[in-house]
Amino acid sequence: MIKYFFKKDFVCKCGCGAGKLDVRLLLFLIDLIEAKVTIKKISSAFRCSSHNKKEGGASDSKHLYGLAVDIHVSKDLATLVIIKNILKKYDLRYLDYPWGYHIDTGRIPIKIIDIYNYLS
Ligand SMILES: [Zn+2]
Ligand SMILES: [Zn+2]
């Protein structure tokens, strides 16, 4: 079992309880923690379609498919260098926001997991 994260970090924030995630995103987050990057908050991971609408997400947002996570981290350069190195390892991409980074896989899912089977 994975000790750093819990189901509640990844399920849809509307309370519907749904939660799936491309496994590369989970591996990326574990590497970040092991590289001593502090993740202050995962503000969004999986979103069901009604929650995505409410959040004003794009109609084809990668959050709908478990292909994106939004992480709140320090915006200093050292942190960004670490993040970029780990992104390369898993072939992931990022978008820059004032609060941190949106991380996604691009269009192609590799292995979508149901987080209920992996996290407590
Ligand atoms: Zn929901
Ligand atoms: Zn996002």
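Biologist: Which residue follows α4, and what is the sign of its phi?

Modeller: Asp91 follows α4, and its phi is positive, near 55°. This is a predicted model: local features need pLDDT of at least 70, side-chain atom pairs count only at pLDDT 80 or more, and totals for chains, interfaces and linings use all residues. Residues are numbered from 1 along each chain as its sequence is written, while chains are lettered from A and ligands numbered from 1 in the order in which they are written.

Biologist: What makes α4 a helix?

Modeller: Helices are DSSP runs of H or I with at least four residues, and strands are runs of E with at least two, numbered from the N terminus. α4 covers residues 77-90, which is 14 residues.

Biologist: How do you know what span to expect of α4?

Modeller: The expected span is 1.5 Å times one less than the number of residues. For α4 that gives 20 Å, and the helix reaches 20 Å from its first C-alpha to its last.

Biologist: Why is β5 called largely enclosed?

Modeller: A residue is buried if 20 or more other C-beta atoms lie within 10 Å of its own, exposed if 12 or fewer, and partly exposed in between; C-beta atoms are placed from the backbone. In β5 (residues 100-104), 4 of the 5 residues are buried, so the strand is largely enclosed by the rest of the structure. Helix α4 is hardly covered: 1 of its 14 residues is buried.

Biologist: How do you know which strands pair with β5?

Modeller: Two strands pair if DSSP finds at least two bridges between them. β3 (residues 68-72) and β5 have 5 bridges, in the antiparallel sense. There, Asp70 has His102 as its bridge partner. β4 (residues 93-97) and β5 also pair in the antiparallel sense, over 5 bridges. Arg93 stands opposite Asp104. A hairpin of 2 residues joins β4 to β5.

Biologist: What makes β2 and β4 edge strands?

Modeller: The open sheet of 4 strands runs β2-β3-β5-β4, with antiparallel pairing. β2 (41-44) and β4 each pair on one side only, and are the edge strands. β2 pairs with β3 over 3 bridges.

Biologist: What makes a set of residues a nonpolar core?

Modeller: It is a set of buried Ala, Val, Leu, Ile, Met, Phe, Trp, Tyr and Cys residues joined through C-beta atoms within 7 Å. The largest here has 21 residues; Leu21, Leu25, Val69 and Ile103 touch the most other members. Its largest share, 5 residues, comes from α2.
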